[in-house]
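The exercises below invite a careful look at one structure, each with a task and a worked solution. Please keep the sequence and the structure in view as you go.

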Amino acid sequence: MVYHTIYITMLILLSFMLLACLIRAVRGPLIADRLMAVNMMGTMVMVMIAVLALMLNEGYLVDICLIYAMISFLAVVVLSKVYIGIYEEKHRKEKDPKNNGVKEDMSDGNT
Amino acid sequence: MGILEWIKIMIGSAFLLCGVVIFFTELFGVFHFKYVLNRMHAAAMGDTLGITSCLIGLMIFSGFNYTTLKILLIIIFLWFSSPVSSHVLSRLEAATNENLSEHCEIYKDLSALEQELKDREAAEEKGANTL
């Protein structure tokens, strides 16, 4: 009974914080702001899943939590690389609009 | 419930409370600072310390079994992955923001930074001597 009360309190507090993270993700002026807020939301959702695993007494939910951690990390890394690539593409087009960045040497890409 | 059970509940609740307070501090910092690279400093704290204390509290509640081992695995994975994702995010910001020098000082190479630090030290020594 005591455990149940503690778990419910944790879940309520974390869900309010999750809402605040969502506000940050919507308001963030830059792309990095939004990605950072999504990363924070992933962290809080991981804690919520771990609390649920103990509350429902289902051990396999912790495996889902581990997979969630890996996918959240992968999402941040891949989205950062994608946005750096998009920015460089746009920049190259602005610099010389003639050849539209079709044939360029890829050796100087520092990503 | 025996006295040991109550001690376990108290220690676990203390860790959980610590984690929630750190998450709250993280949120406060993220809403308080004005620029991404400052906000990232607050956000990385919650990613490592906040989730670690929350999960340590849950490990104490769970007792000695396989669930505890898996939670420990999550903590170790996060300790490796969170600094890497912070680094990648700040690199995204440094690569895409053209007005970066409005927010922080930029040194093109390390020798410029070393030179400025040397100058600052020399100026401080000079000031100390005149005093």
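**Exercise 1. Decide whether Leu27(B) is buried or exposed, and find what it touches.**

Solution. Begin by placing the residue: in this predicted model, Leu27(B) belongs to helix α1 of chain B. Next, consider its surroundings, where 22 C-beta neighbours lie inside 10 Å. A residue is buried if 20 or more other C-beta atoms lie within 10 Å of its own, and Leu27(B) therefore counts as buried. Then turn to its contacts, which, once neighbours within four places in sequence are left aside, include Met17(A) and Ala20(A) of chain A. Finally, take a separation within chain B: Leu27(B) and Ser90(B) stand 63 residues apart in sequence, and their C-alpha atoms are 19 Å apart in space.

**Exercise 2. Describe the helices and the overall spread of chain B.**

Solution. First list the elements: chain B has 4 helices and 0 strands, and along the sequence they give the pattern α-α-α-α. The second step concerns its spread, for the radius of gyration of chain B is 22 Å, well over the 14 Å that the globule rule gives for 131 residues, so the chain is more spread out than a compact globule. Along the principal axes, the C-alpha atoms of chain B fill a box of roughly 70 × 45 × 25 Å. As a last step, look at burial and contacts: 28% of the 131 residues in chain B are buried, and of the contacts between residues at least 6 apart in sequence, 61% join residues at least 24 apart.

**Exercise 3. Describe chain A by its helices, its burial and its contacts.**

Solution. Start again with the elements, which in chain A are 3 helices and 0 strands, arranged along the sequence as α-α-α. Buried residues account for 27% of the 111 residues in chain A. Among its contacts between residues at least 6 apart in sequence, 42% join residues at least 24 apart.

**Exercise 4. Determine how α2(A) is oriented against α2(B) and which residues meet there.**

Solution. The first step is the geometry: α2(A) and helix α2 of chain B, residues 36-62, pack at an angle of about 5°, with their axes 10 Å apart. Since angles under 35 degrees count as roughly parallel, α2(A) is roughly parallel to α2(B). The second step is to name participants, among them Met36(A), Thr43(A), Val47(A) and Leu54(A) from α2(A), and Met40(B), Ile51(B), Leu58(B) and Phe61(B) from α2(B). By class, the residues of this contact of α2(A) with α2(B) divide into 16 nonpolar, 4 polar and 3 charged.

**Exercise 5. Determine how α2(A) is oriented against α3(B).**

Solution. Helix α2 of chain A, residues 31-55, and helix α3 of chain B, residues 66-96, have axes that come within 11 Å and cross at roughly 175°. Angles over 145 degrees count as roughly antiparallel, and α2(A) and α3(B) are therefore roughly antiparallel to each other. The residues that meet include Leu35(A), Asn39(A) and Ala53(A) in α2(A), and Ile71(B), Leu89(B) and Glu93(B) in α3(B). The contact of α2(A) with α3(B) is made up of 8 nonpolar, 3 polar and 1 charged residues.

**Exercise 6. Follow the meeting of the two chains from their contacts to the largest nonpolar core.**

Solution. To begin, 36 residues of chain A are in contact with 38 residues of chain B. On the side of chain A that touches chain B, α1, α2 and α3 each supply at least two residues, and the largest share, 14 residues, comes from α2(A). By class, this side of chain A has 29 nonpolar, 4 polar and 3 charged residues.

The next step is the largest nonpolar core, which has 44 residues, and those with the most contacts inside it are Met36(A), Ala50(A), Leu55(B), Leu58(B) and Leu89(B). Helices α1, α2 and α3 of chain A and α1, α2 and α3 of chain B each supply at least two residues of this core, with α2(A) giving the most, 13 residues. To finish, take Met36(A), which, leaving aside its neighbours within four places in sequence, is in contact with Val36(B), Arg39(B), Met40(B), Ala43(B) and Leu89(B).

Definitions and conventions
Residues numbered from 1 in each chain as written. Chains lettered and ligands numbered in written order. Predicted model: local features only at pLDDT ≥ 70, side-chain atom pairs only at ≥ 80, totals over all residues. Axes fitted to C-alpha atoms, helices over the stretch in contact; angles between N-to-C directions. Parallel < 35°, antiparallel > 145°, perpendicular 65-115°, else oblique. Contact = placed C-beta atoms within 7 Å. Nonpolar A, V, L, I, M, F, W, Y, C, P; charged D, E, K, R; others polar. Rg over C-alpha atoms; globule rule 2.2 N^0.38 Å. Buried ≥ 20, exposed ≤ 12 C-beta atoms within 10 Å, placed from the backbone. Core = buried A, V, L, I, M, F, W, Y, C linked by C-beta atoms within 7 Å.
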